[in-house]
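Q: Please take a close look at the surroundings of the ligand, and then relate that part to the sheets and helices of the fold.

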Amino acid sequence: MTANGTVADKPDGTTAENPPQRALTAENLVVEFPVGRGQKVHAVSGVSLELAAGETLGILGESGCGKSTVGRALIQLPPPDSGTVRLGDVELTGLGPEELREARARMQIIMQDPVSALNPRRRVKDLVWEGPAIWGHDGSDKDARIDEALRAVGLDPETVRDRRPHELSGGQCQRVCIARALMLDPHVLICDEPVSSLDVSVQAQILNLLETTTRRYGLSMVFIAHDVSVVKNISDRVMVMYLGRTCEVLPSDNMHLRAVHPYTRLLLASLPEAQRSAHTDSAAEVKQAAELPSPLDPPSGCRFRTRCPLATDLCAGEEPPLREIAPGHRIACHHAEPRKDIP
Ligand code: SF4
């Protein structure tokens with residue numbers, strides 16, 4: 001069911017009510033940025049992920065770990081240097097410009113700064129209608145669809161329809177961005193730090209809206225953020241990234257108990273005392289103060305080894321493969337082992 005109350009047929013034969021089982025799959029994404037003198041930033045180095053229909057996958061990591069670059073590579077803005085992305089059954093990396101534009105309509109991105117994401121000269125009703133207008137909708141039910149989309153994101157159409165972005169709060173602007181995304185009947189939302197620019201009180205409202213919206217319309221979501229508790233609470237599974245690579249992928253349930261990768265434990269150690277366990281407390285030994293290495297010249301082997309208290313010669317010589325240690329739980333570490341006392 002779409003934001004306007006209709007069911008839309010997709011070019012790949014699926015509908016919003018009958019989405020593909022695997023909403024999104026990415027394999028071996030590599031993104032590098034040349035910075036002159038033959039140097040390049042190794043932003044994303046061989047990241048793979050899969051997203052089931054209706055699932056929320058959180059991507060967690062510090063600033064500069066490549067999580068936003070992964071989000072952009074998924075939507076092909078820009079396409080990765082290598083690797084593949086499949087939206088349902090459609091391989092995006094091989095599409096021509098027109099087919100790619102069509103596919104992108106089914107994968108909408110919500111950005112960090114909602115105010116700058118909206119054209120300041122346009123009114124809310126025109127901003128919300130932008131997508132259907134681009135796609136040549138005849139506009140016969142335009143007003144009704146705009147109002148319906150605004151109500152779906154908790155905005156009163158009478159109050160906001162004719163306003164411009166500068167007349168709205170940051171939270172209201174983010175709601176408009178979500179309404180715009182829903183108008184194109186997407187299968188997947190890519191949310192890149194969608195609440196980090198908002199006041200704490202508004203953050204909870206927007207997170208709640210994203211959760212109810214994905215459930216209501218059966219959407220899958222990739223939720224990218226640096227805030228551990230936000231990612232943990234909204235996601236079904238969490239993928240932890242460090243310096244362009246995946247460290248650990250695990251269910252969000254009991255994440256603080258399950259996590260075994262030293263970097264994930266370091267991130268969890270930042271949670272308030274009540275959310276931590278004795279297990280994560282011991283992560284205090286991790287070298288929190290150590291500097292993040294440069295993505296221009298990342299460490300050999302395991303990229304986390306310069307901050308890891310468990311590092312050995314093996315960690316410097318060999319990159320640890322991502323291996324499954326329990327159903328739905330994978331880690332890239334030579335030495336960490338699964339815990340045996342998970343409830
Ligand atoms: S592979 Fe080695 S350096 Fe990397 S996280 Fe594991 S123990 Fe630490």
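A: Sorted by class, the shell around the ligand in this predicted model consists of eight nonpolar, three polar and one charged residues. The residues that make up these surroundings are His 261, Pro 262, Cys 302, Arg 305, Cys 308, Leu 310, Ala 311, Cys 315, Pro 320, Cys 333, His 334 and His 335. Cysteine is counted here as nonpolar, and the shell includes Cys 302, Cys 308, Cys 315 and Cys 333. As for its location, the ligand sits in the largest cavity.

Turning to the sheets, one of them is an open sheet of eight strands with mixed pairing, in which the strands follow the order 6-7-8-3-9-10-12-11. Its edges are formed by strand 6 (107–110) and strand 11 (323–326), each of which pairs on one side only. On average, and with direction ignored, neighbouring strands of this sheet are turned by 20 degrees against each other. Within the sheet, strand 7 (residues 188–192) and strand 8 (residues 220–225) run parallel and are joined by five bridges, and Asp 192 has Ile 224 of strand 8 as its bridge partner.

Two helices pack on this sheet. Helix 1 (residues 67–74) touches strand 3 (56–60), strand 6, strand 7, strand 8 and strand 9 (237–242), and its direction makes about 150 degrees with that of strand 8. Helix 7 (residues 170–182) touches strand 6 and strand 7, and its direction makes about 175 degrees with that of strand 6.

There is also an open sheet of four strands, with antiparallel pairing and the order 2-1-4-5, whose edge strands are strand 2 and strand 5 (90–91), each pairing on one side only. Strand 4 and strand 5 run antiparallel and are joined by two bridges, with Arg 86 standing opposite Glu 91 in strand 5. Helix 1, which packs on the eight-stranded sheet, also lies across strand 1, strand 2 and strand 4, running at about 115 degrees to strand 1.

Two backbone details belong to the loops. Most residues other than glycine have a negative phi, and most peptide bonds are trans. Against that background, Arg 37 has a positive phi of about 50 degrees although it is not a glycine, and Arg 37 is found in the loop between strand 1 (22–36) and strand 2 (39–52). Leu 77 and Pro 78 are joined by a cis peptide bond, with omega of about 0 degrees, and Pro 78 lies in the loop between helix 1 and strand 4 (82–87).

How values were computed:
Residues are numbered from 1 along each chain as its sequence is written. This is a predicted model: local features need pLDDT of at least 70, side-chain atom pairs count only at pLDDT 80 or more; totals for chains, interfaces and linings use all residues. Side-chain values use heavy atoms; hydrogens and water are left out. A residue is near a molecule or strand if one of its heavy atoms lies within 4 Å of it. On a 1 Å grid over the protein atoms alone, a cavity is a set of points where a 1.4 Å probe fits but cannot get out, and a pocket is an open set with protein on both sides within 12 Å along at least five of seven lines; lining residues have an atom within 4 Å of a point. A molecule sits in a cavity or pocket if more than half of its atoms lie within 2 Å of its grid points. Two strands pair if DSSP finds at least two bridges between them. Axes are lines fitted to C-alpha atoms, for helices over the stretch in contact, and angles run from 0 to 180 degrees between N-to-C directions. Contact means heavy atoms within 4.5 Å.
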